[in-house]
Amino acid sequence: MGKSQLFTQWYPSNEDQHVRQPDDGWLSGIAPGVLAYVRADEGWLAGNAGALVGRTSMVLVDTAATRARTQAMLGALRARCGDLPVSAIVNTHHHPGHTLGNGALPPTTTVIGHRACREEMLRYGTAPADPFPGIVVADGTGVPLSPPTVTFDDSLVLHVADTQVELRFMGPAHTRGDIVAWVPEHRVVFAGDLVVHRAHPNLLDGTIAGYPAVLHRLRSLDARVIVPGRGPVCGPEVIDDMLAYAEFVTDLAADGFERGLTPLELASDVPLGRFATWQDGERLVANVHRAYAELLGGPACAPLDSGRVLEDVAKCRGGPLDAEIYVAGDDLSV
Ligand SMILES: [Zn+2]
C-alpha cells in the first residue's frame with residue numbers, strides 16, 4: 001500500500017467520519033502558581049500541558065492538538081485563576097499535540113521554543129507532511145500555525161511574578177528540539193515528551209542511542225515532581241522507567257538486527273514484560289525502526305521513511321491511529 005493510500009484510509013473525509021469531541025483534561029495544582037493540565041484521553045496527540053500563573057498574567061507550557069482542546073484548557077484555567085491574559089506560550093517541542101493549539105491564542109501572544117522546534121513546525125505545517133497529515137490539512141482550514149517567535153539554542157530564563165522558570169535544551173532525544181521548563185524554587189519540571197507515564201515513549205523523530213544521556217541530564221535536576229508529556233503527574237522514578245525502556249529497545253533491536261528480522265517481525269512477536277500494560281504499544285515498532293536506522297549509522301533525528309513506519313505502526317495496533325482526532329473536523333476548522 002502506498003503512503004497516500006494509507007493516509008486516505010487513515011484520514012477519511014469529514015462527511016463520513018465522526019469527529020470525537022474529547023472530554024479533555026483537568027488541572028492539577030503542583031506548587032504555588034504551577035499547574036499541570038493532564039489529558040486522560042488515549043492517543044498520540046493527547047499531550048499534557050500546564051501553566052505558570054503570575055499576578056497579572058500567565059504563561060502556558062504547551063497547548064494542544066486542536067482549538068477545542070486548547071479552549072477547554074483555557075476555560076479550566078480561567079475558572080481557577082480568573083481571567084488573566086496569557087502573556088506567552090512555551091513549547092516543549094514541535095509535535096502537534098503540544099503546539100497546534102498555539103494558534104487558538106491571540107496572534108500577539110509570544111511563543112517561545114527551541115530553534116529546532118520552530119524549524120520543525122514550519123516544515124510540518126506548511127504542506128501535507130508526515131506523520132500527521134490530517135492535522136496539517138486541518139491547519140490549512142482553521143487554526144493558524146503559530147510557531148515560536150522567540151527561539152533559543154541552550155537556555156532561557158523566564159520570570160513569572162517572583163518565580164524563575166529555566167527553559168533548558170536537553171539534547172536531541174524525543175525530537176531535535178526538546179526543552180524542559182524547570183522551576184527550581186519548587187523543584188518541578190515540565191518534561192514534555194522526554195518522559196511519558198505508563199505509555200511507550202515515541203522516538204520516531206528522535207534517537208534511541210542519545211535518549212539515556214538526556215534522561216540522566218534530566219535526573220540531575222533533582223526534580224521532586226515531573227509533569228510528563230503524557231499520563232499522570234509523577235516523580236523522578238519514572239525517569240528510571242524510561243531508561244529501562246531505552247535499554248529494552250536497544251537490546252531488542254540489536255538482537256533482531258543480528259538475526260535479520262524486520263522491525264515489524266521483531267516487534268510483533270516479543271514478550272513485553274513490565275511494559276505490557278503501558279499504553280501505545282504500537283510505538284515499539286516505530287522505536288525499533290529508529291534503532292535500526294542508528295545501527296546502520298544514521299544520525300539522531302534524521303527523517304525516516306515515515307510512510308513505511310506508520311504502516312507498521314497500524315499493523316501493530318491492529319487498525320488506524322486515533323483518526324477521529326486527527327481528521328479535519330469542526331474541532332479544528334472553526
Ligand atoms: Zn512529542
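Which residue of strand 6 does Val90 stand opposite? Select Val90 and look across to strand 6: the residue there is Ile112. Keep in mind during the tour that this is a predicted model.

**The whole chain**

Start with the full view. Colour the chain by secondary structure, and 12 helices and 12 strands should appear. The chain has 334 residues, and 51% of them count as buried. Now consider contacts between residues with a separation of 6 or more: 71% of these join residues 24 or more positions apart.

**Strand 6 and its neighbours**

Select residues 110-114, which make up strand 6. Strand 6 is largely enclosed by the rest of the structure, because four of its five residues are buried. Add residues 86-90, which form strand 5. Strands 5 and 6 run parallel and are joined by three bridges. The Val90 and Ile112 pair from the opening belongs here.

Next add strand 7, residues 150-152. Strand 7 also runs parallel to strand 6, again with three bridges between the two. To find one of the meeting points, select His114 and then its bridge partner in strand 7, Phe152. Strands of a sheet pair through backbone hydrogen bonds, either parallel or antiparallel.

**Gly113**

Stay in strand 6 and select Gly113. Is Gly113 buried or exposed? Its C-beta position has 30 neighbours inside 10 Å, and 20 are enough for a residue to count as buried, so Gly113 is buried.

Show the residues around Gly113. Beyond its neighbours within four places in sequence, its contacts are Val90, Asn91, Arg118, Pro148, Thr151, Gly177 and Ile179. Then draw a distance from the C-alpha of Gly113 to the C-alpha of His94: the viewer should give 8.5 Å, for two residues 19 apart in sequence.

**The five-strand sheet**

Move on to strands 8 to 12. They form an open sheet in the order 8-9-10-11-12, with mixed pairing. Strand 8 (155-160) and strand 12 (225-230) are the edge strands, each pairing on one side only. Turn the sheet to look for its twist, which averages 25° from one strand to the next.

Zoom in on strand 8 and add strand 9, residues 163-169. Six bridges link strands 8 and 9, and the pairing is antiparallel. For a single position to look at, select His159, which has Gln164 of strand 9 opposite.

**Helix 9**

Select residues 283-295, the 13 residues of helix 9. Why should helix 9 span 18 Å? The expected span follows from 1.5 Å a residue, and the end C-alpha atoms are indeed 18 Å apart, so the two values agree.

Of the 13 residues, 11 are buried, and helix 9 is mostly covered. The buried residues include Arg283, Leu284 and Tyr292. To see what covers them, show helix 7 (237-259), helix 8 (263-268) and helix 10 (306-317), against which they pack. Just after helix 9, select Gly297, where phi is positive at about 95°.

**Where helix 7 meets helix 9**

Finish with helices 7 and 9 alone. Their axes lie 9 Å apart and meet at an angle of about 65°. The crossing is right-handed. On the helix 7 side, select Val249, Thr250, Leu252, Ala253, Gly256 and Phe257; on the helix 9 side, select Asn287, Val288, Ala291, Tyr292 and Leu295. The residues of this contact are eight nonpolar and three polar, with no charged ones. An α-helix has 3.6 residues a turn, so residues three or four places apart point the same way.

Methods: Residues are numbered from 1 along each chain as its sequence is written. This is a predicted model: local features need pLDDT of at least 70, side-chain atom pairs count only at pLDDT 80 or more; totals for chains, interfaces and linings use all residues. A residue is buried if 20 or more other C-beta atoms lie within 10 Å of its own, exposed if 12 or fewer, and partly exposed in between; C-beta atoms are placed from the backbone. Two strands pair if DSSP finds at least two bridges between them. Two residues are in contact if their C-beta atoms, placed from the backbone, lie within 7 Å. Axes are lines fitted to C-alpha atoms, for helices over the stretch in contact, and angles run from 0 to 180 degrees between N-to-C directions. The expected span of a helix is 1.5 Å times one less than its number of residues. A crossing is left-handed if the near helix is turned anticlockwise from the far one by less than a right angle, and right-handed if clockwise. Ala, Val, Leu, Ile, Met, Phe, Trp, Tyr, Cys and Pro count as nonpolar, Asp, Glu, Lys and Arg as charged, and the others, Gly among them, as polar.
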